[in-house]
Amino acid sequence: MRGEGAGEVRAVRGRPRSAAADRAIIAAALRLLERGAGVGALSMEGIAREAGVGKATVYRRWPGRDELLLDVMRALDEPQAEVRGDCVREDLVEILEGLRRKGLAKRDSALLRTMMSHFHSRPRLWQAYHDTVIRARRETLHAVLRRGVAEGGIRADLDVGLLGELFTGPMLSRALLHEWRQLPEGLAEQIVDGVLDGARPRG
């Protein structure tokens, strides 16, 4: 018997999936949430009915509700920034601008706030989101910083992980912790230029 939300949140494998069916099921879950259904009240059966598909169709794609909620969250989330690789500064600005846009979206979307709150309250679900979404974004940022070190624009004695937090920390603080603070255009450039100035090789 399948439990909804019990156990580890797993990556989904199996038969090739229809992208159209995936979108229809995710859209059905979003419609239910937008109508006021609580995240905890969602069921695989209810989502299947809303999507007009059989319950087995949903379970073939997602073994449980938490796995489906991960994809619903990805549908709501700001797409990961695509760095061009031509200029370290511009790539860093693009990454932070993505965080700024996500912060603005969270402020404007009650649904996104509800989903984030639910994820934070479920350690396994939050860990799965971290492992599949946040970690990939962090690795993108670290790759840009390592390129900056290799090109001589960033000191080699700095810890890349700590430096990454110096770039993202101010934006995340405003976007997630201090929602009354403004997120104006140009903020990403201000943060990047300030941190880069301190990270350049001395002399």
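Which residue follows α2, and is its phi positive or negative? That residue is Gly 52, and its phi is positive, near 75 degrees. Let's step back and see where this fits.

What you're looking at is a predicted model, in which local features need pLDDT of at least 70, side-chain atom pairs count only at pLDDT 80 or more, and totals for chains, interfaces and linings use all residues. Residues are numbered from 1 along each chain as its sequence is written, and side-chain values use heavy atoms, with hydrogens and water left out.

The protein has nine helices and zero strands. Helices here are DSSP runs of H or I with at least four residues, strands are E runs with at least two, and both are numbered from the N terminus. Lay a box along the principal axes and the C-alpha atoms fill roughly 65 × 40 × 30 Å. Of the 203 residues, 41% are buried, where buried means under 20% relative accessible area, exposed over 50%, and partly exposed in between (1.4 Å probe, protein chains only).

The domain assignment gives domain 1 (19–69) and domain 2 (77–197); such bounds come from an automatic or database assignment. Their C-alpha centres lie 30 Å apart. Across the boundary, eight residues of domain 1 are in contact with seven residues of domain 2, with contact meaning heavy atoms within 4.5 Å.

Now back to α2. Its buried residues are Met 44, Gly 46, Ile 47, Ala 48 and Ala 51, and they pack against α1, α3 and α4. The unreviewed UniProt entry places the annotation "DNA-binding region" on residues 43–62; UniProt positions are given in the numbering used here, feature names are shortened, and annotations may be inferred rather than shown by experiment. In the model, that span is 75% helix and 0% strand, and its end C-alpha atoms lie 12 Å apart.

Next, the interior. In soluble globular proteins, nonpolar side chains tend to be buried together. The largest nonpolar core here has 30 residues, and those with the most contacts inside it are Ile 47, Leu 68, Val 72, Met 115 and Phe 119. A nonpolar core is a set of buried Ala, Val, Leu, Ile, Met, Phe, Trp, Tyr and Cys residues joined through side-chain atoms within 4.5 Å. At least two residues of this largest core come from each of α1 (19–34), α2 (44–51), α3 (55–61), α4 (65–76), α6 (110–121) and α7 (123–150). The top contributor is α1, with seven residues. This core also draws at least three residues from each of domain 1 and domain 2.

Zoom in on Phe 119: leaving out residues up to four places away in sequence, Phe 119 touches Leu 69, Leu 70, Met 73, Leu 125, Trp 126 and Tyr 129. Apart from the largest core lies another, of 24 residues, including Leu 145, Ala 175, Leu 187 and Val 195.

Tyr 129 turns up again beside a lysine. Lys 102 sits in helix α5 (residues 88–108) and is buried, with a relative accessible area of 17%. The Lys 102 side chain makes a polar contact with the side chain of Tyr 129 at 3.1 Å. A polar contact is a pair of N or O atoms within 3.5 Å; within protein, one must be able to donate a hydrogen and the other to accept it, and residues adjacent in sequence count only if both atoms are side-chain atoms. Setting aside neighbours within four places in sequence, Lys 102 is in contact with Asp 77, Glu 78, Tyr 129 and Arg 137.
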